Amino acid sequence: MGLPSITIKFQAAAKEVSRRGGQGTVGLIIKDSASVSTNPLVLMSASDIPSTLSESNRKYIAQAFVGNVNRPSRVYVYVLAAAAASYETALAAFAKLDLDWVAGDPAATETLAGEIKTWVGTQRGSYDSVVKA
């Protein structure tokens with residue numbers, strides 16, 4: 001009677017895949033004076049946040065891991081120079097990823113927020129993406 005246990009294992013595996021899939025991914029764009037070895041950073045939990053980033057940026061990234069109903073499965077963080085005037089390079093990198101949410105720096109200007117809005121509209125319209133901002 002091993003057959004019922006196989007069904008149970010398939011059901012358990014399907015539940016796990018469904019749970020993981022429902023978690024989603026987040027893309028954050030931050031400005032910091034610290035340099036990072038790779039851009040974007042791929043973080044699986046709040047413990048992966050680099051200590052070289054500023055305290056305010058570490059807190060901002062940690063908030064992304066809180067989530068709403070489910071915490072995200074991963075957070076991609078693109079670190080721009082503190083004086084960066086555009087999100088263009090970060091958004092170009094995010095275009096290659098399958099993201100559910102994108103957020104800019106907490107101190108983003110209306111112009112930078114507009115860049116994200118335009119990018120999200122392009123992704124949703126041209127590439128059938130479900131990304132939200």
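Which exposed residues does the face of H2 turned away from its buried side carry? Hold that thought while we get our bearings; keep in mind that this is a predicted model.

Start with the overall layout. The chain has four helices and four strands, and reading along the sequence gives the pattern α-β-β-α-β-α-β-α. Of its 133 residues, 34% are buried. Take the contacts between residues at least 6 apart in sequence: 68% of them join residues at least 24 apart. As for the outside, the chain's accessible surface is about 8,200 Å², and carbon and sulfur atoms account for 57% of that.

Now back to helix H2, which covers residues 55-66. Its 12 residues reach 17 Å from the first C-alpha to the last, close to the 16 Å expected at 1.5 Å a residue. Look at the side chains next: Asn57, Tyr60, Ile61, Ala64 and Phe65 are the buried ones to pick out in H2. If you sight down the axis of H2, its buried residues fall within an arc of 150°, so they line one face of the helix. Over them sits a cover that includes strand S1 (25-31), strand S2 (41-43), S3 and S4. And here is what we were after: the face of H2 turned away from the buried side carries Ser56, Lys59, Gln63 and Val66, which are exposed. Just past the end of H2 you meet glycine 67, with a positive phi of about 70°.

Next, the aromatics. Searching the whole structure turns up one aromatic pair. The partners are tyrosine 78 and phenylalanine 94; their ring centres are 6.5 Å apart and their planes sit at 85°, so this counts as edge-to-face, the cut-off for that label being over 60 degrees. The pair ties together distant parts of the chain, with tyrosine 78 coming from strand S3 (residues 74-80) and phenylalanine 94 from helix H3 (residues 88-94), 16 residues apart. Both tyrosine 78 and phenylalanine 94 are buried.

One last stop is threonine 109. You'll find threonine 109 in the loop between strand S4 (101-103) and helix H4 (110-126). Is threonine 109 buried, exposed or partly exposed? Its relative accessible area is 44%, and because buried means under 20% and exposed means over 50%, threonine 109 lands in the partly exposed group. Alanine 85 is 24 residues away from threonine 109 along the chain, and the C-alpha atoms of these two are separated by 9.8 Å.

Technical notes: Residues numbered from 1 in each chain as written. Predicted model: local features only at pLDDT ≥ 70, side-chain atom pairs only at ≥ 80, totals over all residues. Heavy atoms only, no water. Helix = DSSP H or I, 4+ residues; strand = E, 2+ residues; numbered from the N terminus. Buried < 20%, exposed > 50% of the residue type's maximum accessible area, 1.4 Å probe, protein only. Phe/Tyr/Trp six-rings, centres within 6.5 Å; stacked < 30°, edge-to-face > 60°. Expected span 1.5 Å × (residues − 1). Arc of directions from axis to C-beta. Contact = heavy atoms within 4.5 Å. Areas by Shrake-Rupley, 256 points an atom, 1.4 Å probe, with all protein chains shown as cover.
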